[in-house]
Amino acid sequence: MHSMKVCIVGASGKLGRYMVQHALDRGYEIVGVCRERSVGKLDVFKGRITVIPGATDDREVIKKAVSGCDGVLTVLVPWGAHHYSSGTAQAVLDHARLGARLIFSCGWHITRDGKDVYPPSFKAEEKLARWLTRLIPVVDIDDQVEACRRVFASETRWTVVRGSDLEEGESQGLPVWSRHVGDPILESNMTRRIDYALFIVEALENDELIHEAPAIVGCRTPSALAYAAIGPGSTTRSM
Ligand SMILES: NC(=O)c1ccc[n+]([C@@H]2O[C@H](COP(=O)([O-])OP(=O)(O)OC[C@H]3O[C@@H](n4cnc5c(N)ncnc54)[C@H](OP(=O)(O)O)[C@@H]3O)[C@@H](O)[C@H]2O)c1
């Protein structure tokens, strides 16, 4: 069997570098894309991955990077400037080969079907972010929303992984997930960044996640421990 070839778009960021490491651990062949000025952040992987420098919303850069790839992992930047996130998503949707597994990262604020229920603190933060972006008009927090709208509407084999608040620290294992923010299992709203990356990389070979937008939370958090995860045959409480 040939080893999987995977493109990581946004490889130099904190999440991106964890994804590179997990993908290397699985023996995948990796092509990383990052901004020219960030290439140095990938020096630790020198000789083990191919790096293509460039803006991730540059269609030619993405076309070259995803060529021949079985999977594409895309970090959607949390705040868009000049449609950076949506441009990146569109380029990946258009240029990845037919049948490739496409996984995108975003925050809990993205909703697929409008059935997510957000805690008041979360709403307050979003309101503040929106107010701030009125002061800094080049920054557009709705661009990640637009990026995901395009992904949801596409006919590709996509998964959109919606991250909770993130923290650094050692791996605790694969996060658990649920379809809607507001589901009790997600209440703790915290995931280790290294495990968020793990979930994204594992999704490459998990066909149950195709056309899902899992909202994730750390598997050792109180809410995850109190409730059973969605999994084969189980959506009920574990205790
Ligand atoms: N932070 C959180 O608490 C949180 C919570 C839930 C979900 N998420 C999701 O997790 C993913 C990663 O977020 P993160 O916070 O962990 O940050 P991160 O991994 O450091 O990623 C930020 C990415 O954005 C790029 N970037 C930063 N500024 C940019 C700019 N001005 N123009 C273009 N690209 C720029 C970075 O590229 P360079 O390396 O070139 O700078 C990097 O690839 C995102 O999809 C985010 O929505 C984050």
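**Helix packing, ligand shell and two histidines with positive phi**

In this predicted model, histidine 83 has 15 C-beta neighbours inside 10 Å and is therefore classed as partly exposed. The residue is situated in the loop that joins strand 5 (80–81) to helix 3. Although histidine 83 is not a glycine, its phi is positive, at about 60 degrees. A second histidine, at position 211, also shows a positive phi, near 65 degrees, in a residue other than glycine. Histidine 211 belongs to the loop between helix 6 and strand 12 (215–217). Its count of C-beta neighbours inside 10 Å is 14, so histidine 211 is likewise partly exposed.

Helix 3 (residues 84–95) packs against helix 5 (residues 143–153), the two axes coming within 7 Å and crossing at roughly 20 degrees. Because angles under 35 degrees count as roughly parallel, helix 3 and helix 5 are assigned to that class. The crossing of helix 3 past helix 5 is right-handed. Helix 3 contributes Tyr84, Ser85, Ser86, Thr88, Ala89, Gln90 and Leu93 to the contact, while helix 5 contributes Asp143, Gln144, Glu146, Ala147, Arg150 and Val151. By class, five of the residues in this contact are nonpolar, five are polar and three are charged.

Helix 6 (residues 193–203) is mostly covered, with nine of its eleven residues buried. The buried residues are Ile194, Asp195, Tyr196, Ala197, Leu198, Phe199, Ile200, Val201 and Ala203. Helix 6 packs with helix 1 at an angle of about 55 degrees, and the axes are 8 Å apart. Helix 1 is therefore oblique to helix 6. Here too a right-handed crossing is found, as helix 1 passes helix 6. On the side of helix 1 the contact comprises Lys14, Leu15, Tyr18, Met19, His22 and Ala23, which meet Arg193, Ile194, Tyr196, Ala197, Leu198, Ile200 and Val201 of helix 6. Ten nonpolar residues, one polar residue and two charged residues make up this contact.

The ligand is surrounded by 23 residues, of which Gly10, Gly13, Leu15, Ser38 and Gly163 come nearest. Two elements, helix 1 (14–25) and strand 6 (101–107), each give two or more residues to this shell. The shell consists of ten nonpolar, eight polar and five charged residues. Leu15 is thus listed among the nearest residues to the ligand and also takes part in the contact of helix 1 with helix 6.

Methods: Residues are numbered from 1 along each chain as its sequence is written. This is a predicted model: local features need pLDDT of at least 70, side-chain atom pairs count only at pLDDT 80 or more; totals for chains, interfaces and linings use all residues. Axes are lines fitted to C-alpha atoms, for helices over the stretch in contact, and angles run from 0 to 180 degrees between N-to-C directions. Helices (H or I, at least four residues) and strands (E, at least two) are DSSP runs, numbered from the N terminus. Angles under 35 degrees count as roughly parallel, over 145 as roughly antiparallel, 65 to 115 as roughly perpendicular and the rest as oblique. A crossing is left-handed if the near helix is turned anticlockwise from the far one by less than a right angle, and right-handed if clockwise. Two residues are in contact if their C-beta atoms, placed from the backbone, lie within 7 Å. Ala, Val, Leu, Ile, Met, Phe, Trp, Tyr, Cys and Pro count as nonpolar, Asp, Glu, Lys and Arg as charged, and the others, Gly among them, as polar. A residue is buried if 20 or more other C-beta atoms lie within 10 Å of its own, exposed if 12 or fewer, and partly exposed in between; C-beta atoms are placed from the backbone. A residue is near a molecule or strand if its C-beta atom, placed from the backbone, lies within 6 Å of it.
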